[in-house]
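The following exercises are to be solved with the sequence and the model at hand. Each task is followed by a worked solution in steps.

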Amino acid sequence: MRRKKLSCPFCGFKRLIDADENNQSELIAEDQMPVDWHPDYFQKCPQCKKQIGIRKVS
């Protein structure tokens, strides 16, 4: 299985989490999420310490 690295959308940290290469995801910092946007997962960035919401879109 091939993977791709997803970066932190806030600080650009290179490897917040890995995903399958065919997976499409949206990442938004928790304090910047629109009211109607609901993440599937949360991951804390080791560099900026922000909680990042992750939503799989395909």
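**Exercise 1.** Determine whether Lys5 is buried or exposed, and describe its surroundings.

Solution. Step 1: the relative accessible area of Lys5 is 55%, so this residue is exposed (buried is under 20%, exposed over 50% and partly exposed in between, with a 1.4 Å probe and protein chains only). The model is a predicted one, in which local features need pLDDT of at least 70 and side-chain atom pairs count only at pLDDT 80 or more, while totals for chains, interfaces and linings use all residues. Residues are numbered from 1 along each chain as its sequence is written, and side-chain values use heavy atoms, with hydrogens and water left out.
Step 2: Lys5 belongs to strand β1, residues 3-6 (strands are DSSP runs of E with at least two residues, numbered from the N terminus).
Step 3: beyond its neighbours within four places in sequence, Lys5 contacts Lys14, Arg15, Ile17 and Asp18 (contact means heavy atoms within 4.5 Å).
Step 4: from C-alpha to C-alpha, Lys5 lies 8.8 Å from Asp20, and the two are 15 residues apart in sequence.

**Exercise 2.** Establish the strand order of the open three-stranded sheet and identify its edges.

Solution. Step 1: the order is β3-β5-β4, and the pairing is antiparallel (two strands pair if DSSP finds at least two bridges between them).
Step 2: β3 (25-29) and β4 (41-44) each have a single partner strand, so they stand at the edges, and one side of each lacks a neighbour in the sheet.
Step 3: from one strand to the next, the twist averages 30° (axes are lines fitted to C-alpha atoms, and angles run from 0 to 180 degrees between N-to-C directions).
Step 4: β3 and β5 are joined by five bridges, with Ser25 opposite Lys56.
Step 5: β4 and β5 (residues 51-56) pair over four bridges. Here Tyr41 faces Ile54, Gln43 faces Ile52, and Lys44 has Gln51 as its bridge partner.

**Exercise 3.** Which residue takes a positive phi in the hairpin of β4 and β5?

Solution. Step 1: the hairpin has six residues between its strands.
Step 2: Lys49, in the loop between β4 and β5, has a phi near 70°, a positive value in a residue other than glycine.
Step 3: Lys49 is exposed, its relative accessible area being 52%.

**Exercise 4.** Which residues make up the largest nonpolar core?

Solution. Step 1: the nine residues are Leu6, Cys8, Leu16, Ala19, Leu27, Ala29, Cys45, Ile52 and Ile54 (such a core is a set of buried Ala, Val, Leu, Ile, Met, Phe, Trp, Tyr and Cys residues joined through side-chain atoms within 4.5 Å).
Step 2: β3 and β5 are the elements that give two or more residues to this core.
Step 3: setting aside neighbours within four places in sequence, Cys8 is in contact with Phe13, Leu16, Cys45, Cys48 and Ile52.

**Exercise 5.** The charged end of which residue sits over the ring of Phe10?

Solution. The charged end of Lys50 sits there, 4.5 Å from the ring centre (the criterion is NZ of Lys or CZ of Arg within 6 Å of the centre and within 35 degrees of the ring normal).
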